[in-house]
Amino acid sequence: MNSLQDPAVIVLADWLKVRGTLKSWTKLWCVLKPGLLLIYKSQKTKSSHWVGTVMLTSCQVIERPSKKDGFCFKLFHPLDQPIWAPRGPDKETIGAVVQPLPTAYLIFRAPSQAAGKCWMDALELSLRCSALLLRSNSTNTPSSNYAEEPLPVSDETQWSEADYEKHFNDHDLDADSQNEAPNAAMSGLESDSESEPAHEDDVAEQIPCEETTYVPFQEEEFGEQGEQVEELAEENKSLIWCIVKQVRPGMDLSKVVLPTFILEPRSFLDKLSDSYYHADLLSRAVHEDDAYTRMKFVVQWYLSGFYKKPKGLKKPYNPILGETFRCYWQHPNGSRTFYIAEQVSHHPPVSAFYVTNREDGFSISCSILAKSKFYGNSTSAVLEGMATMTLLPRGEIYTATTPYAHCKGILMGTLSMELGGKINIECENTGYKTELEFKLKPFLGGSDTINVVVGKIKLGKETLATINGHWDKELRLKDLKTGEESVLLKVDAEMRSKRLIRHVVPLEKQLPTESQRLWSLVSDAIAREDQVAATEQKTVLEENQRAAAKSRLQNDQPHVPALFELNAYGEWIYKYADLRPWDVRNDLRQYECDYKVLTETRNKTVPIVLGTELLRSNIDPGVHSTRRLPSDTTKVSKTKNKPVDSDSSPSPHGAVKRGSNTSAIRQLALAIDQMNATLANHSKQLNDITNRLERIQFAPNLRNGSINSNDLIGGGVSISTVVKSLLYALIGLTFSVILRWFFK
């Protein structure tokens, strides 16, 4: 029932020809789910297009040793009983009008041998039972598409070619294939989607996608260990006073224009990628069988993203609305970790990013709302948001928050910055949780109290290990069961040498909205230490952004992000996310094209939608339903997402555009709200029952079926009970006074 109702649970979906009782073929859209095969007239999987549902648990599957082009396989009931479900996914009883289909079997024809093999593997995957698949051992059937050997066939299910042909001879498939047109034109009723003209978006998606060119980028700058400070020149101190005059304590600084001398010459979207120079630690976590060890690797990776800091006290650029950034890191094993980021909102400023490495088995999705507060001599930059990391082969989801940056010494003292706050790294699948606290330097503290981190790893309420040290020097982990201490993280030359090399798109090939190209004139001026030119170029960008916002407001055209969209929980999700585990038999490598992270495969596979909602089903929906969202990020994008046809791409892939069924997601969100309302009503009733039980408990015993109402006080409590309570209270008060006098 869960796979039937969840639109994200799809094993395979593609067009297949289905043999009807009139000995003609009909092209139908087939959606394979665990234990079910849904058949529709078109890709619009709605009630009016539903043809029927095949119950796979009562079927057997055989493939025909094909003698013609194409690939045929048969679903049949071994006892010649109906294979159809009595109702559809939305309780339909009457299917769409197509030519009559058999009751006890169905014969399908795939467009190619590779597609047919893919369907056979998908059927095996959906049933998880190879005994239901009766494979041919004929050497004439090509099997070179797979690097591994074919699955073994038991003696009980080893059929000869004659046994296979008996299932197909009665249907005279060869005669049909001779009469068919070369392009497999269908007789009978066609689907609605075939008669509709192609949309412009569909045509655009069918254009072959060329892989993006990247070059290594190794120009990294590291600040010194310890406190991060900045000595201001005399001419810059007057600019600081000008900023101070514009603000007041408690004010949000997101709308305040900052001078260029305190800017780091790169965008905030670029800054967020600093956490992935040691992404190989996540690759090691995926392959660990022990959940505790996996959590340690995740914590080690998390803490490795902080020690890179600029020289002095610098702040990255505030991204322009619609600004994007992309890069990847090359791993020693040849895999790549891709990073895609976009500024999806400006007021409030929200940055969304997506990280993926399917080959090594992890992906990360996050959206961050940047806030800043001014407190007089100090200010804090708070990053609200939760990163969600998925270990794809294990289906484990880790969530993590971010510490805030605290800057002090704005008016007096030395200008310095440090990290502070409590964060949690949690995996609800395993029950492990890490609590970390970034401590600010105390007023009378020395150098040893700078950049201190303490924490603990817990399983439920039990603390397994403690963490202590400095996030820019060394962190040690102590196992409380064994008492052993080990180095969790040590920032030295050896660790810096293990940083993965980041690859970026050359500046001349970047789009106008990409961070490096967008801010190139400002960065060049900062590099020349020409603050006047940097301020002028920065002002030009800000004025262009204001003009674009004014134009959208006048035309009533809200900004629609190009790469991310809001899901039912109000979270920004990458449109082309692919959360399938890596298939070593078919997947070759990941590559990026037009900000789409795709997968090159050995065989042309049908796109498989496996959205984040499927893996998020382990998280309590009540957490999402009560989360407060930013004011202008609660509007769900109405952009229609169309799946990408893998056959039209020169390099086949399995990643698709997500969110193809927004109506189903909205219905799911509505159902969750109704469930929460029902639970609240039940809780209210339980509280009422509890109050009544308490009244019954304190009510006096009934004797002879009657009781004097004068002996009761409101609420059903007798007068004698009240007198006893007052007496006991008086005795206790007297006793406490005597004890106090005695211990003086």
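A polar contact is a pair of N or O atoms within 3.5 Å, and within protein one atom must be able to donate a hydrogen while the other accepts it. That definition is needed for two glutamates in this predicted model.

Start with the whole chain. It has 18 helices and 33 strands. Of its 744 residues, 47% count as buried. The exposed area is about 39000 Å², and carbon and sulfur atoms supply 54% of that area. Contacts often span long stretches of sequence. Among those between residues at least 6 apart, 62% join residues at least 24 apart.

Now go to strand β14, residues 336-345, where Glu 342 sits. Glu 342 is buried yet has no salt bridge. Which side chain of opposite charge is nearest to Glu 342? It is Lys 575, 7.1 Å away. A salt bridge needs a Lys or Arg side-chain nitrogen within 4 Å of a carboxyl oxygen of Asp or Glu, so Lys 575 at 7.1 Å does not provide one. The backbone offers a partner instead: the nitrogen of Leu 563 lies 2.9 Å from a polar atom of the Glu 342 side chain. The surroundings of Glu 342 come from several parts of the sequence. Leaving aside neighbours within four places, its contacts include Leu 269, Gly 322, Glu 323 and Thr 324. Val 350, Ser 351 and Ala 352 also touch Glu 342, as do Pro 561, Ala 562, Leu 563 and Phe 564.

Glu 418 is the second glutamate. It belongs to strand β21, residues 415-427. Is Glu 418 buried or exposed? Its relative accessibility is 6%, and therefore it counts as buried, the limit being under 20%. The side chain of Glu 418 makes a polar contact of 3.4 Å with the side chain of Lys 408. The backbone nitrogen of Lys 441 lies 3.0 Å from a polar atom of the Glu 418 side chain. Not counting residues up to four places away, Glu 418 touches Tyr 404, Ala 405, His 406 and Lys 408, among others. Lys 439, Leu 440, Lys 441 and Asn 451 are also on its contact list.

Next, the backbone. Most residues other than glycine have a negative phi, and most peptide bonds are trans. Three places in this chain depart from that pattern. The peptide bond from His 347 to Pro 348 is cis, with omega near 0°. Pro 348 lies in the loop between β14 and β15, the latter spanning 350-357. Asp 556 is not a glycine, but its phi is positive, about 55°. Asp 556 is in the loop between α14 (531-554) and β28 (564-566). Tyr 595 also has a positive phi, near 70°. Its loop runs between β30 (587-593) and β31 (596-601).

What is the relative accessibility of each of these two residues? Asp 556 is at 67% and counts as exposed. Tyr 595 is at 4% and is buried.

Finish at the surface. Helix α18 covers residues 719-743, and Phe 743 is found there. Which residues form a nonpolar patch with Phe 743? They are Phe 735, Leu 739, Trp 741 and Phe 742. Together the patch has about 690 Å² of accessible area. Phe 743 has a relative accessible area of 67%, so it is exposed. Membership in a patch requires over 30% relative accessible area, and Phe 743 at 67% therefore passes that cut-off.

Terms used
Residues numbered from 1 in each chain as written. Predicted model: local features only at pLDDT ≥ 70, side-chain atom pairs only at ≥ 80, totals over all residues. Heavy atoms only, no water. Patch = residues over 30% accessible without salt bridge, like charges linked within 9 Å, V, L, I, M, F, W, Y side chains within 5 Å. Areas by Shrake-Rupley, 256 points an atom, 1.4 Å probe, with all protein chains shown as cover. Helix = DSSP H or I, 4+ residues; strand = E, 2+ residues; numbered from the N terminus. Buried < 20%, exposed > 50% of the residue type's maximum accessible area, 1.4 Å probe, protein only. Lys, Arg positive; Asp, Glu negative; His and termini not counted. Contact = heavy atoms within 4.5 Å.
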